[in-house]
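Reader: I have a model open on my screen and would love a close look at one part of it. Could you pick a strand in the middle of things and walk me through its surroundings?

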Amino acid sequence: MANSLELRSLGNTGLKLSCVGFGASPLGSVFGPVSDEQAIATVREAFRLGINFFDTSPFYGGTLSEKVLGKALKTVGVPRNEYIVSTKCGRYKEGFDFSAERVTKSIDESLERLQMEYVDIFQCHDIEFGSLDQIINETIPALQKLKEAGKIRFIGITGLPLGIFSYVLDRVPPGTVDVILSYCHYGIIDTTLEDLLPYLKSKGVGVISASPLSMGLLTESGPPEWHPASPELKAACQAAVAFCKKKGKDISKLAMQYSLCNKDISTILVGMRSVEQVQVNVAAATELANCDKDQQTLAEVEEILKPVKNQTWPSGI
């Protein structure tokens with residue numbers, strides 16, 4: 001395995017994650033069909049280039065992402081202790097259920113699909129859609145039992161609004177929650193996660209940041225129809241994309257590099273479904289390690305996006 005990628009510590013877990021993480025939701029064919037062959041080739045390339053962290057959920061593709069990732073990891077045949085897998089509980093195709101009973105059953109289902117004995121990180125998925133008090137009083141204690149049983153190594157929580165993290169962390173015993181996964185809050189158009197980093201550090205909680213491309217806003221193909229961004233934000237991002245294209249630059253790579261620059265974030269999680277996507281994301285990181293970031297284009301893009309900075313989500317989310 002080429003260890004070209006920087007490894008970063010994840011809070012107090014002792015885990016070291018590659019700074020680029022492999023988001024496996026696209027393996028659930030959520031952005032179009034992915035064959036098993038393609039999935040296996042993509043995962044193989046990720047290992048070859050030094051990615052050691054894979055993130056999935058039973059929600060992605062209605063359990064398909066877990067199955068395909070499990071099959072790919074098995075086929076590639078890297079020893080289990082050389083990579084880190086996180087999956088989630090509480091959010092399913094059928095809806096949300098954070099009850100102790102459901103999440104306890106959930107881990108067994110996930111392990112079977114992933115063809116594994118344990119997962120490294122087990123996360124409550126999008127907790128803002130459940131009752132935060134249930135997460136604190138029922139879900140997390142159930143996950144602690146799974147930890148004692150050896151089915152999971154560390155406990156995490158994920159979601160969009162940043163306020164949910166301190167709400168939960170302030171109400172559980174220190175060291176109970178090991179990791180948070182935040183998305184769309186650390187990138188060129190939204191850096192609000194930054195304000196929370198000193199607090200998370202003080203709690204010894206590791207930070208995973210997902211979606212540096214803001215769910216498609218910072219890509220040449222543009223965001224999906226359902227994207228919640230305002231028309232103003234979409235227009236500003238389109239302008240930034242067009243500007244980069246005219247200069248012969250790749251906005252997605254710039255966005256990835258911007259997000260990778262903050263060393264207090266352990267890994268930047270990005271969805272991948274092809275060998276080429278793996279290569280592009282890893283190249284963004286290796287260039288950065290060689291201090292090869294295009295500062296000028298970045299500054300010009302930031303200027304275009306300035307009027308909409310940190311207004312990514314409709315108020316109330």
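Author: Happy to! One definition comes in handy before we start: two strands pair if DSSP finds at least two bridges between them. Please also keep in mind that this is a predicted model.

With that in hand, let's look at strand S10, residues 179–183. In S11, Gly 206 is the bridge partner of Val 179. That bridge belongs to a set of 5 that join S10 to strand S11 (residues 206–210), and the two strands run parallel. Between them comes helix H6 (residues 197–202), and S10, H6 and S11 together make a right-handed β-α-β unit.

Now turn to another partner of S10. Strand S9 (residues 152–159) is joined to S10 by 4 bridges, again in parallel. Here Leu 181 of S10 is the bridge partner of Thr 158. To get from S9 to S10 the chain passes through helix H5 (residues 163–169), and this β-α-β crossover is right-handed.

What about the side chains of S10? Val 179, Leu 181 and Tyr 183 point one way, Ile 180 and Ser 182 point the other way, and all are buried. The strand is thus mostly covered, with 5 of its 5 residues buried.

A look at the nonpolar cores helps to place this strand. The largest one has 91 residues, and those touching the most other members are Val 20, Phe 22, Val 43, Ile 51, Phe 54, Ile 157 and Leu 305. Helix H4 (residues 132–148) gives the most to this core, with 7 residues. Apart from it lies another core, of 15 residues, and Val 179 is among them, as are Leu 10, Ile 84 and Ile 121.

Back in the largest core, Leu 305 is worth a click. Leaving aside residues up to four places away in sequence, Leu 305 touches Ile 188, Ile 189, Leu 218, Ala 236, Cys 237 and Ala 240.

Leu 305 also sits in helix H10 (295–305), which is included in what covers the buried residues of helix H8. Others in that cover are strands S1 (7–9), S3 (20–23) and S12 (267–271), along with helices H7 (231–246) and H9 (275–289). Because 9 of the 10 residues of H8 (residues 251–260) are buried, this helix is largely enclosed by the rest of the structure. Among the buried ones are Leu 254, Met 256 and Tyr 258. At the start of H8, a side-chain oxygen of Asp 250 reaches to within 2.9 Å of the backbone nitrogen of Ser 252.

Notes: Residues numbered from 1 in each chain as written. Predicted model: local features only at pLDDT ≥ 70, side-chain atom pairs only at ≥ 80, totals over all residues. Heavy atoms only, no water. Core = buried A, V, L, I, M, F, W, Y, C linked by side-chain atoms within 4.5 Å. Buried < 20%, exposed > 50% of the residue type's maximum accessible area, 1.4 Å probe, protein only. Contact = heavy atoms within 4.5 Å. Polar contact = N/O pair within 3.5 Å; in protein donor to acceptor, adjacent residues only side chain to side chain. Right-handed = clockwise from strand over helix to strand, strands pointing away.
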